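Here's a quick tour of a structure, ligand sites and backbone quirks included. Have the viewer open and follow along.

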Amino acid sequence: MGVEPGRVHFSWISSAESTKFVDVVKKVTEAVRAVGPNEKYVKKELKVA
Amino acid sequence: MQAYTEKMREIARRLLKECRVETVIGFRKGSMPMMNEPCLVKSIDDVDQLVWDGNCGINLANYLTNRTDKIAVFAKGCDSRNIVTHIIENKIKREQLVIIGVPCKGMIDKRRIRSMAPGEITEVVEDGENVRVRGADFEKSFPRKDMLQSNCAVCIHRNPVIYDELVADLVPEQQNVDRYEDVRAIEAMSPDERWQFFEDLLAPCIRCYACRNACPLCYCPTCFVDESAPQWVGKSQNPVDVRTFHFLRAYHCAGRCTDCGSCERACPMGINMRMFTKKLEKEALDQWGWEAGLSLDQRPPLDWYRPDDPQDFIK
Ligand code: SF4
Ligand code: SF4
Ligand code: SF4
């Protein structure tokens with residue numbers, strides 16, 4: 001529906017896989033930073049005059 | 001179509017008389033042209049209300065949810081697939097049902113016909129290959145095949161997949177249909193274009209939930225949109241809330257939707273929200289070769305695990 005590739009990630013991580021968890025979080029953070037802030041899927045405040 | 005109607009009344013009368021069922025679920029004429037409404041017939045005296053034509057696009061499986069009586073229900077191809085889904089999901093028991101199959105010739109698109117008529121329509125009659133539309137000062141005729149609902153134009157399961165008896169001979173299924181041209185066009189867009197496409201598609205939505213209410217799949221006792229503790233989605237008409245409602249509803253229909261078109265038909269704003277469910281329908285077909293509601297013996301992809309499930313997206 002128009003969410004950029006790179007913003008959504010899926011992973012299976014067992015509670016024993018702490019290093020994998022760290023790796024995935026790093027990769028996700030990098031990928032999401034690269035796409036930039038999600039401006040679209042944010043409710044804009046109504047402007048009150 | 002008159003032959004269908006006659007046969008339906010005959011079957012309904014017989015089933016009620018023999019006490020095989022307590023209720024017959026079918027259609028009767030609505031108060032306006034092209035607006036047939038579902039009706040529950042419980043007495044032989046009311047059997048003559050039943051009608052059939054190209055305006056019976058509402059999905060009757062929706063009226064079976066959690067019923068406890070013995071029911072006869074008329075089922076087009078799509079209704080029958082939703083009945084199968086209902087049985088699989090324990091919303092009705094097969095033993096309660098007498099399924100009267102209705103080989104379907106496609107439903108006509110009331111909005112298209114209204115848009116092509118020069119004034120207010122007072123009567124719409126289908127005679128074979130044509131649809132005749134009458135108003136106070138005009139009369140027009142359209143080829144029926146050009147006036148089908150968009151989902152019916154690409155339907156490949158017009159014959160009921162499950163039935164106890166039929167109102168007519170089976171119809172030939174449409175061959176070589178490209179079901180997903182519209183979905184592919186959206187897939188080909190850039191993320192920004194796609195965002196804008198759905199922004200425009202949903203802009204007229206008034207959150208009336210007619211689409212949800214018309215859908216046989218939407219039977220949760222409390223829908224996520226009505227829940228207030230926790231509140232999953234804002235209740236406003238803010239585009240973000242509207243979009244959240246639509247894509248979540250679509251996900252709840254994933255692997256279950258039969259593209260019956262009830263949702264789109266019910267929408268007072270003429271929104272084609274099927275563009276969400278159809279994408280998921282295509283996905284279920286591509287990923288698991290799955291089409292919803294074709295058999296009572298197969299579990300749907302989303303309540304089943306297979307070691308060979310595609311999972312390339314999981315990193
Ligand atoms: S989707 Fe198919 S079975 Fe259902 S009304 Fe349309 S043509 Fe008939
Ligand atoms: S989502 Fe729409 S097309 Fe799909 S089963 Fe429900 S009413 Fe029919
Ligand atoms: S029926 Fe139409 S207007 Fe109503 S909630 Fe659904 S899409 Fe929006």
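What follows goes through the ground rules, two ligand sites, a sheet and some backbone details.

## Ground rules

This is a predicted model, where local features need pLDDT of at least 70, side-chain atom pairs count only at pLDDT 80 or more, and totals for chains, interfaces and linings use all residues. Residues are numbered from 1 along each chain as its sequence is written, chains are lettered from A and ligands numbered from 1 in the order in which they are written, and side-chain values use heavy atoms, with hydrogens and water left out.

## Around ligand 1

Ligand 1 sits in the largest cavity. A cavity here is a set of points, on a 1 Å grid over the protein atoms alone, where a 1.4 Å probe fits but cannot get out; sitting in it takes more than half of the molecule's atoms within 2 Å of its grid points. Two elements of chain B, α2 (77–88) and α4 (150–153), give two or more residues each to the shell. (Helices are DSSP runs of H or I with at least four residues, strands are runs of E with at least two, and both are numbered from the N terminus.)

Which residues are around ligand 1? Cysteines in the shell include C78(B), C104(B), C152(B) and C155(B), and K76(B), G77(B), G106(B), M107(B), N151(B), H157(B) and R158(B) are there as well. Being near means having a heavy atom within 4 Å. By class, that gives 5 nonpolar, 4 polar and 2 charged residues, with Ala, Val, Leu, Ile, Met, Phe, Trp, Tyr, Cys and Pro counted as nonpolar, Asp, Glu, Lys and Arg as charged, and the others, Gly among them, as polar.

## Around ligand 3

Ligand 3 has 14 residues around it, and those that come nearest are C205(B), C208(B), Y209(B), C211(B) and C267(B). Helices α7 (210–214) and α8 (239–252) of chain B each supply at least two residues of this shell, which splits into 12 nonpolar, 1 polar and 1 charged.

C267(B) is buried at 8% relative accessible area, and Y209(B) is buried too, at 12%. (Buried means under 20%, exposed over 50%, partly exposed in between, using a 1.4 Å probe and protein chains only.) As for disulfides, pairs of cysteine sulfur atoms within 2.5 Å, a search of the whole structure finds 0 over all chains.

## The sheet

Chain B has an open sheet of 5 strands, ordered β2-β1-β3-β4-β8, with mixed pairing. Strands pair if DSSP finds at least two bridges between them. At the edges stand β2 (37–41) and β8 (165–166), each with a single partner strand, so one side of each has no neighbour in the sheet.

Inside the sheet, β1 (residues 23–28) and β3 (residues 71–75) of chain B run parallel over 3 bridges. T23(B) has I71(B) as its bridge partner in β3(B).

## Backbone quirks

Most residues other than glycine have a negative phi, and most peptide bonds are trans. Y209(B), in the loop between α6 (191–202) and α7 of chain B, has a positive phi near 70°. N90(B) has a positive phi near 60° and is in the loop between α2 and β4 (97–101) of chain B. Is N90(B) buried or exposed? At 63% relative accessibility, N90(B) is exposed.

The A229(B) to P230(B) peptide bond is cis, with omega near 0°, and P230(B) is in the loop between α7 and α8 of chain B.

Technical notes. 1 Å grid on protein atoms, 1.4 Å probe; cavity = no way out; pocket = protein on both sides within 12 Å on 5 of 7 lines; lining within 4 Å.
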